[in-house]
Amino acid sequence: MAYIEELFGLKGKKGFVTGGAQGIGKVVATGMARCGMDVAIVDVNKEKAEEAAHQIEALGVRSMALVCDVTSAEAVDATVDTIATGFGGLDFAFNNAGIANNTPTEDIDLKDWQKVIDVNLIGVFLTARAAGRKMIASGGGSIINTASMSGHIVNRPQPQSAYNASKAGVIQLTKSMAIEWAPHKVRVNCISPGYIRTEMTVHVRQDWQDSWMRQSVLPSMGTPEDLVAGVLYLASDAAAFTTGSDLVMDGGFTVV
Ligand SMILES: NC(=O)c1ccc[n+]([C@@H]2O[C@H](COP(=O)([O-])OP(=O)(O)OC[C@H]3O[C@@H](n4cnc5c(N)ncnc54)[C@H](O)[C@@H]3O)[C@@H](O)[C@H]2O)c1
């Protein structure tokens with residue numbers, strides 16, 4: 001076995017990616033499959049989730065598509081149960097589903113503000129809780145949550161107070177779960193990407209995107225591919241001593 005494979009020990013690990021039907025989730029799930037991991041796709045988008053699961057199966061590992069809204073505790077518990085039963089265990093969870101809203105704070109309706117918190121923060125709590133319960137029972141595992149550089153800084157010029165608050169919440173939730181579950185050998189970490197070219201960002205007003213590039217240290221946006229190795233590391237045995245950490249992958253955006 002190549003040393004890198006031995007070091008990371010990813011082959012045969014079983015788990016799921018929420019928001020895995022497209023964007024960051026789909027690309028990371030594909031990277032996992034290419035390392036021999038069984039990956040279930042959890043998403044509200046049935047058609048795209050099924051397409052992603054088929055593409056992953058074609059790489060020679062097991063997959064399944066589960067339609068699930070991460071804001072529903074019942075749906076999340078049932079979904080995680082189906083995955084753990086179907087795969088015969090649960091080693092990792094990448095809790096990545098998220099949405100944004102760029103309405104100014106003085107104008108946004110409570111229900112729209114709350115929707116962002118529900119998906120980005122409560123959704124991470126519910127999927128992590130369901131995965132954590134399984135991992136506590138089975139003797140350990142790795143949970144990776146998608147936060148954002150928006151949990152550290154306030155993006156400009158777009159208004160996104162709910163998004164920023166939700167992502168700051170994900171970072172502190174991650175650390176809290178890491179402390180609670182360390183005795184159970186369940187590691188909990190998060191990633192904080194900077195601007196990444198996906199459906200979430202490509203349709204944003206061009207003058208805002210131009211402003212991001214003027215503020216950026218590196219001269220372009222990142223791609224989902226830029227995040228794959230970081231998530232694989234946190235899911236792997238190579239990260240056995242890493243818990244409660246936030247891996248910032250933002251092209252240096254938050255350094256200055
Ligand atoms: N794109 C960026 O610049 C960027 C930067 C930092 C963090 N992030 C975060 O990365 C994650 C993935 O974002 P992306 O850029 O790939 O976005 P995306 O819009 O391309 O993908 C998001 C996925 O989440 C799914 N989803 C949305 N609501 C859901 C729900 N309630 N239940 C289940 N699935 C749901 C969507 O159907 C979609 O497949 C998000 O948490 C986002 O906040 C993105």
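**Notebook: salt bridges**

I started with K46, which is partly exposed, with a relative accessible area of 48%. A reminder to myself: this is a predicted model.

I then looked for the partner of K46 and found E50, the two side chains meeting in a salt bridge at 3.1 Å, N to O. Both residues sit in helix α3, 4 residues apart, which is about one turn of the helix. E50 has 33% relative accessibility and counts as partly exposed as well.

Next I asked how many salt bridges a search of the whole structure finds. The count came back as 9.

I stayed with helix α3 for another entry. E51 forms a salt bridge with K26, and their closest N and O atoms are 3.9 Å apart. This pair links distant parts of the chain, since K26 belongs to helix α2 (residues 23–34) and E51 to helix α3 (residues 46–57), with their positions 25 residues apart. I noted E51 as partly exposed, at 41% relative accessibility.

My last lookup was D237 and K13, whose side chains meet in a salt bridge at 2.8 Å, N to O. Here too distant parts of the chain are linked: D237 is in the loop between α9 (225–235) and β7 (246–249), K13 is in the loop between α1 (3–8) and β1 (14–18), and the two are 224 residues apart.

Is K13 buried or exposed? I get a relative accessible area of 14% for K13, so it is buried, the cut-off being under 20%. D237, on the other side of the bridge, has 44% and is partly exposed.

How values were computed. Residues numbered from 1 in each chain as written. Predicted model: local features only at pLDDT ≥ 70, side-chain atom pairs only at ≥ 80, totals over all residues. Heavy atoms only, no water. Salt bridge = Lys/Arg side-chain N within 4 Å of Asp/Glu carboxyl O. Buried < 20%, exposed > 50% of the residue type's maximum accessible area, 1.4 Å probe, protein only.
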